[in-house]
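Q: Please take a close look at one part of this structure and describe it carefully for someone who has not seen it before. After that, please set that part beside what the rest of the chain shows.

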Amino acid sequence: MEEEALHHHIIQLPTTPQVDPSSVNPADIAEGWLARLDLYLADSSAVHLSDLFHEDSWWRDMLALDWDFHTIRGLENVQKYLDQHQPRVKLQGPRLHGEGGGEPALDTPFPGFTWITAMFAFESRVGHGRGVFYLTPTGEGSWKAYSVYTALQGLHGVEEKLGLQRPEGTIESMSGGLAQGNWLERRQREMDFVDDHPTVLIVGAGQAGLNLAARLQTLGQSCLIVEKNDRVGDNWRKRYRTLTTHDHIETCHLAHLPFPKTWPKYLPKDKLADWLEAYATVMELNVWTYTEIRTAVYVEQSQQWTVCLIRNGVERILHPRHLAWCAGHLGLPKIPSFPGQAGFEGKIYHASQHIDARQLAPQGKTVVVVGTGNSGHDIAQDFYQQGASVTMLQRGPTYVLTEKNGLPLLPENHGIDDNRTPIEEQDILSESLPWPVTLALCVDLTKRISAADGAILRGLSAVGFKLDFGIDGAGLLRSLVTRGGGYYIDFGCSQLLIDRKIHVQHCASGIASLDAKGMLLADGTYLQADIVVLATGYANMRDSIRHTLGDTVANQCKDVWDLDEEGEIKTIWRPNGHPHLWLMGGSLSLCRIYSRFVALQVAATELGLTAQ
C-alpha cells in the first residue's frame with residue numbers, strides 16, 4: 001500500500017497542440033485570461049469555470065483561500081473548492097505582476113507540452129497575495145488554465161514593517177519615550193522578557209528558527225528563540241570540518257538580508273555559522289543560548305503553553321501562546337546496534353558526531369562508512385584525504401548528480417548567477433506547481449541530468465556502485481520529499497570511487513555482526529575495520545518532538561515528510577494535529593520561503609482570522 005501511495009503522486013503529463021511561437025503574444029493571452037478570472041471571482045455566474053480551466057487542471061493554494069495548504073485536481077473539484085471558500089475569502093482584483101523574469105512567457109517544459117506562465121497579484125478580505133498561472137492551448141485555438149497557484153503574502157492591519165513601513169527609530173517615536181529607556185536599554189529588557197512573555201517560543205536557532213523569528217517580528221509578533229548550544233550557528237559550526245553547503249548561495253539567502261555579493265558560491269560551514277550569529281544580532285532577534293526545555297505542557301483552556309526552561313542552570317517559566325519546533329527537520333539520529341558490537345576494539349559512531357578525520361589519526365587506519373548519502377560521501381572523502389583506507393558500505397541504491405554538470409540543470413538554479421529574477425519572484429515561482437506536476441516534469445529532467453552526468457554514472461556502475469533515479473525516475477526532488485535524503489551531490493568523491501581510491505561494498509541486508517577487528521555482512525562478506533561511521537540517517541521529526549516534549553504532544557502530531565493524499569508535503573509548515581504547535585525546518589531556501597507562511601498562520605491565529 002505504501003508503494004502504491006507513492007506512485008499515486010506521479011502523473012502523466014498531457015500532450016498539448018502544437019503552437020507557432022511567432023503567432024503567440026503571451027502578455028495579451030495572460031491579460032485576457034486574468035480579466036475573465038476577475039469576472040468569475042466577482043460573480044461566478046458571469047463566466048463558466050470550464051471556459052477558464054481544462055477538465056484535467058490543478059489549483060494549488062497556500063493560505064489564500066483556506067488556512068492550510070491544498071492541491072486540488074480536476075475542474076469539478078476546483079469548482080467545489082472555490083464554491084466553498086470564495087464567498088468567505090473574496091479573492092479579488094487579480095492583476096499581472098512580474099519583473100526581472102516574471103513577465104508572461106511561452107515555454108516548453110516537456111517535449112510536446114507547451115504553456116504560458118504568468119505571475120499575478122491579488123487582494124482578499126484578509127490580506128494580499130501573489131500567484132502564478134499556467135495556460136495551455138486547446139484544440140480550438142484558445143488558452144485555458146492547466147494550473148493556478150495562489151499564496152497569501154500579507155495580512156491587512158499587520159503589514160510587515162519593511163521599507164516605507166519601517167519604524168522611525170527616534171526615542172520620541174518609541175512607546176513611552178525616554179522614560180522607557182534608549183534603544184540599547186529597551187533591547188536588553190526585550191531580550192530578557194522582563195515585562196511580558198513571548199507570543200511565540202521558538203526552539204532552535206538554526207536557519208529555521210532565525211528565519212521564522214525575523215518574519216514574526218516584522219509582523220509585530222513577539223518571539224523568543226531558545227538554543228541549547230553556546231552560540232547561534234553552532235548547529236553548523238559543530239558539524240564536520242570539511243562541510244560546505246551543496247546549494248548555490250543565491251538560493252540560500254535568509255529573510256530580508258541577502259548574503260554579500262563577494263561570498264563564494266558554496267558556503268563553508270563556519271562561514272555560514274558566523275553569518276547566522278551576525279544575522280540574529282543585526283535583525284534584533286531575541287535569543288537565549290545555553291537554554292533547554294525541561295517541560296512543555298499545552299493548556300487547552302487558556303490556549304497557551306506552560307514551558308519550563310533551564311537557562312544557564314537557572315529555571316524560568318514562560319507562557320507563550322505558540323511553540324515553534326525548529327530544532328532540526330530530520331529528527332534524532334538513527335543509530336543501529338549490532339550483535340558483537342561490545343567486543344569491537346575500534347571506534348564506532350554516527351555521522352552526526354563526525355568532526356574531523358585528523359582527530360582519529362587515520363593514517364594507515366581502515367575505515368568503513370555505512371551509508372552513501374551526502375554525509376557518507378563527505379566523511380569518506382575526509383578520511384581518504386587524511387590517509388585512511390576507506391570502504392563505503394552501500395545498502396541501497398543512491399541517486400547521484402554532479403555539481404559541475406547536473407546541479408545547474410535544476411530549475412532553481414536557472415538564471416541565478418546573473419540574478420535575472422529577484423529572490424521574491426524566485427520563491428513564488430519555485431512553489432507554484434503542484435508536487436505531482438513537478439515530479440512528472442522531474443522524470444524528463446532526471447533523464448537530462450543523467451545524460452549530462454553520464455561519464456560519472458557509468459564509472460560508478462563499473463565499480464559496483466548501485467544507482468537510483470528516484471521513484472518512477474523522478475530523481476532528486478522525489479528523494480528529498482520522501483526521505484529528506486537518499487542522494488549525493490557529487491563534489492569529488494565519485495571520482496575517488498571510480499578510481500578505486502575509495503572502495504564500495506554493496507550488501508542490501510547490511511551488517512550481520514561485529515567482532516574485535518571488523519564486521520561480518522549478511523551476505524557472508526567480512527570487512528576489517530578500525531573505525532566505523534554510521535551515516536544511517538535520521539528518524540522522523542516527530543521522534544525528536546517526542547524526545548523533548550513527550551508522548552502527549554507527539555501523539556497528536558502527524559508524521560513529517562512525504563506527500564499526503566492531495567500531494568502536499570505532510571505536517572511541516574502547516575497545521576499538524578496539535579493546536580498552537582508549528583513544525584518548521586528544511587534547507588536554507590525552504591526555511592526562507594516557508595517561514596513566511598508559518599508566520600502568517602501565527603499572526604492570523606492571533607487576529608482570530610483562522611476561526612472565521
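A: Two strands count as paired if DSSP finds at least two bridges between them. The model is a predicted one, and the part chosen here is the run of strands S5, S6 and S7.

Strand S5 covers residues 113–123 and is joined by 8 antiparallel bridges to S6, with 3 residues lying between the two strands of this hairpin. Strand S6, which spans residues 127–137, is mostly covered, since 10 of its 11 residues are buried. On its other pairing, S6 is joined by 11 bridges to strand S7, residues 143–155, and these two strands are also antiparallel. They too form a hairpin, with 5 residues between S6 and S7, and in that turn glycine 141 has a positive phi of about 95°.

Particular residues can be placed on this ladder of strands. Alanine 118 faces phenylalanine 133 of S6, while threonine 136 faces lysine 144 of S7. Phenylalanine 133 also belongs to one aromatic cluster, together with Trp33, Phe53, Trp59, Phe120 and Phe122.

Elsewhere in the chain, the largest nonpolar core has 137 residues, and the members that touch the most others are Ile202, Phe383 and Trp573. Helix H16, residues 588–606, gives this core its largest share, 12 residues. Apart from this core lies another one, of 30 residues, which includes Val47, Trp59, Ala64 and Ala145. Trp59 is thus a name to note twice, being listed in that core and in the aromatic cluster described above.

The structure holds 20 aromatic pairs. In one of them, phenylalanine 259 and tryptophan 275 are tilted, with 5.4 Å from centre to centre and 45° between the planes. Phenylalanine 259 lies in the loop between helices H6 (234–237) and H7 (269–282) and tryptophan 275 within H7, so this pair ties together parts that are 16 residues apart in sequence. Both phenylalanine 259 and tryptophan 275 are buried.

Tryptophan 573 and tyrosine 594 form a stacked pair, at 3.9 Å centre to centre and with 15° between the planes. Because tryptophan 573 sits in the loop between helix H15 (551–556) and strand S25 (581–583), whereas tyrosine 594 is in helix H16, the pair ties together parts that are 21 residues apart in sequence. Tryptophan 573 is buried, with a relative accessible area of 2%, and tyrosine 594 is likewise buried, with a value of 2%. Leaving aside neighbours within four places in sequence, tryptophan 573 has contacts that include Phe69, Trp561, Leu590, Tyr594 and Gln601.

A further set of strands can be put beside the one described at the start. Here 3 strands form an open sheet with antiparallel pairing, in the order S11-S12-S13. Its edge strands are S11 (291–299) and S13 (314–318), each of which pairs on one side only, and the twist averages 15° from one strand to the next. Between S11 and strand S12, residues 304–311, there are 8 bridges, and alanine 296 stands opposite valine 307 of S12.

Finally, a search of the whole structure finds 0 disulfides. For cysteine 507, the closest cysteine sulfur is that of cysteine 493, at 20 Å, which is too far for a bond. Cysteine 507 is buried, with a relative accessible area of 3%, and cysteine 308 is buried too, at 8%.

Definitions and conventions. Residues are numbered from 1 along each chain as its sequence is written. This is a predicted model: local features need pLDDT of at least 70, side-chain atom pairs count only at pLDDT 80 or more; totals for chains, interfaces and linings use all residues. Side-chain values use heavy atoms; hydrogens and water are left out. A nonpolar core is a set of buried Ala, Val, Leu, Ile, Met, Phe, Trp, Tyr and Cys residues joined through side-chain atoms within 4.5 Å. Buried means under 20% relative accessible area, exposed over 50%, partly exposed in between (1.4 Å probe, protein chains only). Helices (H or I, at least four residues) and strands (E, at least two) are DSSP runs, numbered from the N terminus. Contact means heavy atoms within 4.5 Å. A disulfide is a pair of cysteine sulfur atoms within 2.5 Å. Axes are lines fitted to C-alpha atoms, for helices over the stretch in contact, and angles run from 0 to 180 degrees between N-to-C directions. Rings of Phe, Tyr and Trp (its six-membered ring) pair if their centres lie within 6.5 Å; planes under 30 degrees apart count as stacked, over 60 as edge-to-face and the rest as tilted.
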